[in-house]
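Colleague: I would like to learn how to read a model like this one. Could we go through it feature by feature?

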Amino acid sequence: MSVSHLILVVDDDAAIRDSLSKELHAAGYATATASDGREGVAAFETRAPDLVLTDLAMPRSDGFELIAAIRAASRTPIIVLSVRGADADKVRALDLGADDFVTKPFSVAELLARVRAQLRRTGAGASSVLSFADLTIDIERRRVVQGGREIRLTPTEFALLELLATNAGKPMFTDQIISRVWRDAPSTTADTVRVHMSSLRKKIEPDPSDPRYIVTEPWVGYRFIAEPI
């Protein structure tokens, strides 16, 4: 099991949101959805997606406002999907910070290729080895060493550790964890996460009752607190 990239789909057309979500799930991505820019900002803040797909013409708050709001706080890739293919709209969206612009209608194959390209670009400089105090995580080789000893993790435990460690210092909501690790499997609950997290802590924490790496954030989820070195 590996961590799925989470993609936020923002469109006021429910049929398009559902269709895109199904295609993205089939391609191995987790998704979150919103019906306009205002909901999109809220979802972005709570779900912390790896990439955003957004329409431009939406009620209450449009795609331009969403792009501006995201760019004020993050470099997360944004791909615009819109029937508004005029040069002026493309230029405005790109000037506000969008990374790509796809005019509707489009082929799913082309869209997925553009998604992969943006995710490669943003992840190109990321290290495959994460080092913390007495803990090393080799993501590519799927190897974990704590205090000089190799720790054997299950695929789910490794996916949990990878997700938390690559977001060190940030609180991860339980819903985010379910989306990334279990890809929103219907049977997955907060108790499922708790059980696997407890098992992971027993393996990597010198003292599970006094966590050095993973702490519980009440009413939120979990946080990896160790500082990278």
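**Reading helices, loops and distances**

Modeller: This is a predicted model. Start with handedness: H3 passes H4 in a right-handed crossing.

Colleague: What else describes a pair of packed helices?

Modeller: Two packed helices are described by the angle between their axes and by the distance between those axes. Here H3 and H4 pack at an angle of about 20°, and their axes are 9 Å apart. Angles under 35 degrees count as roughly parallel, and H3 and H4 are therefore roughly parallel to each other.

Colleague: At what angle do H2 and H3 pack, and how far apart are their axes?

Modeller: Helix H2, residues 37-47, packs against helix H3, residues 63-71, at an angle of about 25° with the axes 8 Å apart. That angle makes H2 roughly parallel to H3. The crossing of H2 past H3 is right-handed.

Colleague: Now a single helix. How many residues does H1 have, and what distance does it reach from its first C-alpha to its last?

Modeller: H1 covers residues 14-26, which is 13 residues, and reaches 18 Å from first C-alpha to last. That is close to the 18 Å expected at 1.5 Å a residue.

Colleague: Which residues of H1 are buried?

Modeller: The general idea comes from the helical repeat. An α-helix has 3.6 residues a turn, so residues three or four places apart point the same way. In H1 the buried residues are Arg17, Leu20, Ser21 and Leu24. Viewed down the axis of H1, the buried residues fall within an arc of 105°, so they line one face of the helix.

Colleague: Which residues are exposed on the other side of H1?

Modeller: Ala15, Lys22 and Ala26 are exposed there.

Colleague: What is found at the start of H1, and what just after H1?

Modeller: At the start of H1, a side-chain oxygen of aspartate 13 comes to within 2.9 Å of the backbone nitrogen of alanine 15. Just after H1, glycine 28 has a positive phi of about 100°.

Colleague: Which residues other than glycine have a positive phi?

Modeller: Take two cases, aspartate 134 and tryptophan 219. Aspartate 134 has phi near 60°. Aspartate 134 sits in the loop between strand E6 (129-132) and strand E7 (135-138), and is partly exposed at a relative accessible area of 45%. For tryptophan 219, phi is near 65°. The loop that holds tryptophan 219 runs between strand E11 (214-217) and strand E12 (221-224). With a relative accessible area of 89%, tryptophan 219 is exposed.

Colleague: Which peptide bond is cis, and what is its omega?

Modeller: The bond from lysine 104 to proline 105 is cis, with omega near -5°. Proline 105 belongs to the loop between strand E5 (100-103) and helix H5 (108-123).

Colleague: Is serine 4 buried or exposed?

Modeller: Buried means under 20% relative accessible area. Serine 4 has 2%, so serine 4 is buried. Serine 4 is in the segment before strand E1 (6-10).

Colleague: How should I set separation along the chain beside separation in space?

Modeller: Put both values side by side for each pair. Serine 4 and serine 199 are 195 residues apart along the chain, and their C-alpha atoms are separated by 21 Å. Valine 91 and phenylalanine 101 are 10 residues apart in sequence and 9.5 Å apart in space, C-alpha to C-alpha. Valine 91 is in helix H4, residues 87-96, and counts as partly exposed at 46% relative accessibility.

Colleague: What is the C-alpha separation of arginine 194 and glycine 221?

Modeller: The C-alpha atoms of arginine 194 and glycine 221 are separated by 9.2 Å, with their positions 27 residues apart along the chain. Arginine 194 lies in helix H8, residues 190-204, and is partly exposed with a relative accessible area of 46%.

Colleague: Where does arginine 149 lie, and what separates its C-alpha atom from that of aspartate 89?

Modeller: Arginine 149 lies in strand E9, residues 149-151. The C-alpha atoms of arginine 149 and aspartate 89 are separated by 56 Å, and the two residues are 60 residues apart along the chain. At a relative accessible area of 44%, arginine 149 is partly exposed.

Technical notes
Residues numbered from 1 in each chain as written. Predicted model: local features only at pLDDT ≥ 70, side-chain atom pairs only at ≥ 80, totals over all residues. Heavy atoms only, no water. Helix = DSSP H or I, 4+ residues; strand = E, 2+ residues; numbered from the N terminus. Expected span 1.5 Å × (residues − 1). Buried < 20%, exposed > 50% of the residue type's maximum accessible area, 1.4 Å probe, protein only. Arc of directions from axis to C-beta. Polar contact = N/O pair within 3.5 Å; in protein donor to acceptor, adjacent residues only side chain to side chain. Axes fitted to C-alpha atoms, helices over the stretch in contact; angles between N-to-C directions. Parallel < 35°, antiparallel > 145°, perpendicular 65-115°, else oblique. Left-handed = near helix turned anticlockwise from the far one by under 90°.
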